[in-house]
Amino acid sequence: MPAFDPLPLLRPNIRSLKPYRSARDDFKTGILLDANENPFPAELHPEAQLNRYPDPHYDALRDRLSTLKGVQPSQIFLGNGSDEAIDILIRMFCEPGKDAIVITPPTYGMYRVSADIQDVRVKEAPLNPDFSLDAASVIEAAACAKLVFLCSPNNPTANRLDSGQLREVLSAAQCVVVVDEAYIDFSAGESALRWLGEFPNLVVMQTLSKAWGLAGIRLGMAFASETIISYMMRVKPPYNVNTLTQQAALRVLAEPERISALVKQLLQERARLAVALAKFPAVYKVEPSDANFLLVRVKDALSWYKTLAAENVIVRYRGDQLHCADGLRITVGSPEENEALLKAFQKLSAEIQQPSS
Ligand code: PMP
């Protein structure tokens with residue numbers, strides 16, 4: 001395979017960008033009088049040294065993730081959620097008013113929003129009605145685009161994309177292909193991370209917001225070639241991952257076994273919910289799931305959505321998205337939350353069958 005060079009795809013102003021140099025780019029230790037920080041730690045979490053700026057290169061976290069994920073620290077970008085990685089990739093590669101990205105609806109909404117904010121065109125190569133990738137149409141759309149966003153497992157459809165087709169797109173597309181794996185820890189499929197050495201146009205995104213239970217700290221990851229990551233690091237704000245986030249992430253990443261046990265429990269709940277929901281007469285399909293949510297097809301889904309909310313059970317209506325007619329996206333909760341969901345379904349089912357006069 002001819003080596004793919006992503007550099008020509010970068011916006012010229014990004015290629016020639018002289019990045020900001022923070023004090024911590026020069027020295028990390030010593031009597032640090034170089035960053036106009038306050039020498040006195042705030043009373044809040046004094047042990048966390050919040051009077052100091054965070055490590056802009058988050059070296060400790062990258063080292064830990066390097067071991068966990070089997071990639072080099074220089075192949076890791078960290079952001080304020082993976083939403084920041086999406087935004088940075090679009091700003092790095094796409095010229096406003098000129099360039100385009102490819103998305104595969106129905107899919108995660110932020111690819112389009114981030115592109116719209118940048119005045120970047122969005123080309124659609126929809127998934128097939130069974131939610132599989134239409135690889136040929138993605139490759140065709142990619143011909144005049146800078147970035148392709150593929151989400152596997154996909155939100156809101158819950159399925160993972162076929163790895164043979166992902167590889168087909170990676171080989172054929174002359175642009176950067178982002179595989180968003182926010183839900184990979186719930187999937188029976190393998191991560192695209194194992195192809196990083198093979199495809200210089202591959203970016204894999206993951207997050208601590210889902211399986212790791214840390215949506216509140218906002219930590220997203222992008223893995224790619226050293227070249228792509230080096231530009232992401234230049235474009236990001238210098239201190240984009242705050243100290244409390246770095247410390248919390250390090251603590252949780254030290255205990256992967258604990259998280260595996262929690263994921264296992266969620267997967268059992270997912271299976272239990274799928275079976276239980278399928279028994280309600282109004283539910284005519286529970287789509288297979290590789291994620292921590294189920295896409296459930298219910299007759300008259302919009303009114304179910306509203307009446308469930310009136311019962312204090314909040315799910316996401318997705319019936320208005322392509323191929324998702326009658327779709328409710330239901331997150332797998334704790335056993336108690338799932339019980340409450342099933343109870344509400346039970347109650348509303350009974351009411352439908354015996355409408356009050
Ligand atoms: N990608 C997908 C597919 C998602 O569903 C989400 C969040 N719902 C994100 C990315 C953003 O995750 P983060 O919390 O890391 O910004």
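## A seven-stranded sheet and its core

In this predicted model, seven strands form an open sheet with mixed pairing, in the order β1-β7-β6-β5-β4-β2-β3. (Strands are DSSP runs of E, at least two residues; helices are runs of H or I, at least four, all numbered from the N terminus. Two strands pair if DSSP finds at least two bridges between them.) The edge strands, β1 and β3, each pair on one side only. One pairing to look at is β2 with β4, parallel over two bridges, where Ile101 stands opposite Leu147 in β4.

Now for the helices that meet the sheet. Contact here means heavy atoms within 4.5 Å, and angles run from 0 to 180 degrees between N-to-C directions of lines fitted to C-alpha atoms, for helices over the stretch in contact.

| Helix | Strands touched | Angle |
|---|---|---|
| α3 (59–69) | β1, β6, β7 | about 120 degrees to β1 |
| α4 (82–93) | β1, β2, β4, β5, β6, β7 | about 155 degrees with β6 |

What about the inside? A nonpolar core is a set of buried (under 20% relative accessible area, 1.4 Å probe, protein chains only) Ala, Val, Leu, Ile, Met, Phe, Trp, Tyr and Cys residues joined through side-chain atoms within 4.5 Å. The largest has 90 residues, and Met92, Ile101, Leu147 and Met232 touch the most other members. Helix α4 gives the largest share, seven residues. Domain 1 (7–254) and domain 2 (257–353) both contribute, so this core lies between them; the bounds come from an automatic or database domain assignment.

Residues are numbered from 1 along each chain as its sequence is written. Local features need pLDDT of at least 70, side-chain atom pairs count only at pLDDT 80 or more, and totals for chains, interfaces and linings use all residues, while side-chain values use heavy atoms, leaving out hydrogens and water.

How values were computed: Buried means under 20% relative accessible area, exposed over 50%, partly exposed in between (1.4 Å probe, protein chains only).
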